[in-house]
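Student: I should like to learn how the features of a protein model are read, one after another. Where should we begin?

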Amino acid sequence: MVKGTAKKASNIFVWIILGLLMIALTGFGITSFSGSASQVGSVGSARITANDYARALQREISAQVAQTGRPVNLNQLTAQGLDRAVLDGLIARAALANETQEMGLSIGDLEVARQIRETSGFATPEGGFDRAAYEFALRETGLTPAEFEQNVREDVARSLLQIAVVGGVQAPEIFAEALTAYQTETRDFSVLRVTEAQLPTGLAAPGEDDLQAEYAANEARFMRPEARAITYAWVRPSMIMDDMEIDEQALRDLYEERAELYNQPERRLLERLVYPSLEEAEAARASLDAGEASYDDLVAARGLTLEDVDMGEVAAPDLSEAAAEAVFGTEEQEIIGPVESAFGPAIFRVNAVLDATQVPFEEAEEDLSAELAAEAARRAIDDIRSDVDDLLAGGATLEELAGDTLMELGTIEWSPGSDEGIAGYDAFREAAAAAREGDFPELLELSDGGLFAIRLDEVIPPALPPLEEIREEVAESWLARHRREQLAAHAQELVGRLTRGTALEDLGPAVSREVQIRRQDFIPDMPPTLVAQIFQLDAPGDTAVIPGADFAVIARLDEINSGARGSPGAEALLALISEQVRQSIAQDVFESFGQALEADVGISLSPSVINAVHAQFP
């Protein structure tokens, strides 16, 4: 049977495969175990050493770190049950090792040497075997060459046993074909929207009793989350930039620096197709003029793409003198040339003409002034940073900061999800979430160059506001539910007419038709469950009512289209499903085989050694 990905982390088979296919080179910093504390357990005559277990735990921690990008410790691993999964994997490996020993299945030294030589981690840049890398890797994992080579020998023997057990497993053809047919089936159906405008009596406004009932039945929906009452002092460039004095000469200097931006010559969006000789270029132009080829055909004939010939925005000085005269001498021709370019004879295509732009200083002055004012405001804020720090260090309150500096005072009841005012800044949200009552205010930065400091005044527990405070919100909730119910009820009434012989097209305007819809398709502007419910209908003519927030849908199944057989897409899907089914069956067979081996020979574990290994991890 097919198992979910989430379950596979603890699946014994996965750990067996990892043991067969991966040679772990991690486990740094784990103390080596010896003496009476060296064996975690055994399966038959096969031992599971404490070092094996410690390395497997470290390997799983490293895998979790690589997957999540966050630090992971053993406690987190244990909370997910992965420590037991690691141990189960080692037990399964030991059961297989015991079976290979009982069968006398072993691998010769030449095969072990070949396996080690072909391990990419031990290869030189030229592809040869790097003895130094091999020895270094073993030292880092706490293994001797003899131990590592024995592990390789056992892994290859286990892989041979695995192949013998599941190598002949095949997926039943009828099962894969049934799954493929299920996946490739499509359906045609018609859809009629039932809107509020079609309701016979419209929607009435809620009365007081309706609001009271809605309020009482949905207290959890109207509950306000825990909030934090915070006082803050802050200053942003936009708060003080209007007070900044801007020198007109500085504005003119900035305008001159950006002269190319404000005063641009006429430009063209050009493509340039260069030829080795003028004769070839003229021949290409002749075929173009005769209608024998398009410009795109000429580009392709040269083995180029449109990206290769695209020049983007080009001004006259960017071209050779001859090309500039030809290209900028007309506004009517799209194809120009052949003409000599910097790279040889070329045919140009003009995609757009961009007129020259001239923005006088007077028009640019406002934007330039705002930019310089913002820069000056940021400098002014930066100048007061040390003074504000000194005031806070001296015990000044936020109220005093607001009185003695450029900073302004404010308050907010902040909760996760708040984004108005200062709560729109990530830095404030992080500080608000981390603040504790009694903390001394600390000066922090905003992303736009501003500064702020906060004080947590109170943590406000979750509370249900009185109805009077949220009357409008409760009314909207009642209306939304009432609208949905009324639309669904009216849609059911219309379906009743269908059973009495009325055509769907006669029930309302704008019946739409969807064809060749697959199970995984999504139809925009329709209820998200529409497609799933269509595929639950049994036969053409069957209908379903799907309620929605603003409208209900009556859907009629028109046609069931069997999956396409013989098409490349269907054949590829059949092959994929067949392989997935085969692997799943093989997984179950091999897992059952391993469990039978464990039950047959018995498992012995030492909790004290397991705990000793755990104690080595932070």
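Tutor: Let us begin with a single residue. This is a predicted model, and in it N73 is found in the loop between helix 3 (50-68) and helix 4 (74-79).

Student: Is N73 buried, exposed or partly exposed?

Tutor: The classification rests on relative accessible area: under 20% is buried, over 50% is exposed, and the range in between is partly exposed. N73 has a relative accessible area of 30%, so the residue is partly exposed.

Student: How far apart are N73 and R131 in sequence and in space?

Tutor: The separation in sequence is 58 residues, and the C-alpha atoms of N73 and R131 lie 33 Å apart in space.

Student: How does one read the chain as a whole?

Tutor: One may start from the secondary structure, which comprises 25 helices and 17 strands. The C-alpha atoms fill a box of roughly 95 × 85 × 80 Å along the principal axes. The radius of gyration is 38 Å, whereas a compact globule of 618 residues would have a value near 25 Å.

Student: What do burial and contacts add to this picture?

Tutor: Of the 618 residues, 39% are buried. The chain exposes about 34200 Å², with carbon and sulfur atoms supplying 50% of that area. Among contacts with a separation of 6 or more, 74% are between residues 24 or more positions apart.

Student: How is a sheet described?

Tutor: The general idea is that strands of a sheet pair through backbone hydrogen bonds, either parallel or antiparallel. Here, 3 strands form an open sheet in the order 2-1-17, with antiparallel pairing. Strand 2 (46-49) and strand 17 (603-605) are the edge strands, each pairing on one side only. On average, neighbouring strands of this sheet are turned by 15° against each other, direction ignored.

Student: Over how many bridges do strand 1 and strand 17 pair?

Tutor: Strand 1 (residues 39-43) pairs with strand 17 over 3 bridges, in the antiparallel sense. Within this pairing, G41 stands opposite L605 in strand 17.

Student: Which helix packs on the sheet?

Tutor: Helix 5 (residues 82-103) does, touching strand 1, strand 2 and strand 17. The direction of helix 5 makes about 150° with that of strand 2.

Student: How can the length of a helix be checked, taking helix 8 as the case?

Tutor: One compares the expected span with the distance between the end C-alpha atoms. At 1.5 Å a residue, the 22 residues of helix 8 (residues 145-166) should span 32 Å, and the end C-alpha atoms are 31 Å apart, which agrees. The buried residues of helix 8 include F148, V152, L161 and V166, and also the charged-letter positions R153, D155 and R158.

Student: Which backbone values deserve a second look?

Tutor: Most residues other than glycine have a negative phi, and most peptide bonds are trans. In this model, a cis peptide bond joins G337 and P338, with omega about 15°. P338 lies in strand 8 (residues 335-341).

Student: What is phi near in Q516 and in D525?

Tutor: For Q516 in strand 14 (residues 512-518), phi is near 55°, a positive value in a residue other than glycine. For D525, phi is near 65°, again positive. D525 lies in the loop between strand 14 and helix 23 (530-534).

Student: How do Q516 and D525 stand in accessibility?

Tutor: Q516 counts as partly exposed because its relative accessibility is 48%. D525, at 61% relative accessibility, counts as exposed.

How values were computed:
Residues numbered from 1 in each chain as written. Predicted model: local features only at pLDDT ≥ 70, side-chain atom pairs only at ≥ 80, totals over all residues. Heavy atoms only, no water. Helix = DSSP H or I, 4+ residues; strand = E, 2+ residues; numbered from the N terminus. Expected span 1.5 Å × (residues − 1). Buried < 20%, exposed > 50% of the residue type's maximum accessible area, 1.4 Å probe, protein only. Pairing = 2+ DSSP bridges. Axes fitted to C-alpha atoms, helices over the stretch in contact; angles between N-to-C directions. Contact = heavy atoms within 4.5 Å. Rg over C-alpha atoms; globule rule 2.2 N^0.38 Å. Areas by Shrake-Rupley, 256 points an atom, 1.4 Å probe, with all protein chains shown as cover.
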